[in-house]
Structure formats: C-alpha cells, structure tokens
Amino acid sequence: EPVVAFGASEILAWALKQRALDAAVVVCDGAGTVVTDRADVVQGIGGNMNSLFATTPIHPVQARLRTFGCRMASTAASIDQKKGLELAAESGFRMIAVTINAFANDDLKAIRADAKRLRVDVMILAVCTTGISAARAEHIAFNADLGWSCASEEMLAQAGKRARLQLSER
C-alpha cells in the first residue's frame, strides 16, 4: 500500500482494492485501451508508463492481459477511452474510472453523457497536462473528477482555484 497515493495508477489500484470502483479503463503500451478490474494490472500498466499518446499491437502483451481477464477496445491497440467505457459497461461494471490523456481531444462532457446513457457512474482522471492550452485546462477543470497539473501552468491556474484538494509545494 502506498503511503501517499498521488499517481493515477496508485489511486485506481487502491480504489479497486477497496471496491470503491468496479473497473478502470486505462491505456497500455502494446494493447491500447484496456478494461480491468484488477488493482495489480492497473498498477502494472500505469506504474511506470505515462504520456502514452499512441501504440501499436504487441500480441504477447495482449495475450498476457487476457490471462488476467482484461478486455481491450481493439486488437489494433487503438486508444479510444469512450469505447473503453462502453466495453466496461457491456461487461457489467457500474462504477468505472477512465483515464484521459489531456492532449487527446476527448470531450469529457461527452464521456459523462455516455456514462449516463449507459447507466453507469464514471470517474474521469485527466493526466499528462503539460503544455495544454488554457481552453483545454478549463475544460478539464470543469469536467474531470481528478486532474494532474504536471508542469502545466494553465492547469494550476484553471483547476487550482476550483480544487477541493491540491497536493503541491506551490
């Protein structure tokens, strides 16, 4: 157990262990969008990988993930978090976390609307915010449940003033 779980994978792994979440939709090198209900898989995928913008299929990685009961949005290793949310809902999960790369043009409002349509609860975690625009930071600040500022002055400016909790030395 981490003493201070501040990374997305640590938070998700802890929430899965505590059964505060049913599943997580995360991104894995060689597999793209992955749906899992296993804390060890989330930590294994995300513990040392960040800023993944694109990937290509690595079949042994995909096969290994399947042995852990994971589902992938595509065998082509595409990154499609909206499709991952749908896949998680189709798999019977109801409390679902979704990680979003801030540079991806995912519309967080649309993800919330999809969750409502699918009749699931979603927690959106926005990661990899360094260098995003003020408009993107504002979209994240208003629509994500958790957002990391990384080295983004825009995220600090937009989300910092709205944050209920902020971990930083600034």
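Which residues of strand 1 point one way, and which the other way? Ala23, Val25 and Val27 point one way, Ala24, Val26 and Cys28 point the other way, and all are buried. Buried means under 20% relative accessible area, with exposed over 50% and partly exposed in between (1.4 Å probe, protein chains only).

The model is predicted: local features need pLDDT of at least 70, side-chain atom pairs count only at pLDDT 80 or more, and totals for chains, interfaces and linings use all residues. Residues are numbered from 1 along each chain as its sequence is written, and side-chain values use heavy atoms, with hydrogens and water left out.

**Strand 1 and its partners**

Strand 1 covers residues 23-28, and 6 of its 6 residues are buried. Strands (E, at least two residues) and helices (H or I, at least four) are DSSP runs numbered from the N terminus. Two strands pair if DSSP finds at least two bridges between them.

| Partner of strand 1 | Sense | Bridges | Residue opposite Ala24 |
|---|---|---|---|
| Strand 2 (residues 32-36) | antiparallel | 5 bridges | Thr36 |
| Strand 4 (residues 95-101) | parallel | 3 bridges | Ala97 |

Strands 1 and 2 form a hairpin with 3 residues between them. Gly30, in the turn, has a positive phi of about 90°.

**Ser74**

Ser74 lies in the loop between strand 3 (71-72) and helix 4 (81-90). Ser74 has a relative accessible area of 17%, so it is buried. Its side chain makes a polar contact with the side chain of Ser78 at 3.1 Å. A polar contact is a pair of N or O atoms within 3.5 Å; within protein, one must be able to donate a hydrogen and the other to accept it, and residues adjacent in sequence count only if both atoms are side-chain atoms.
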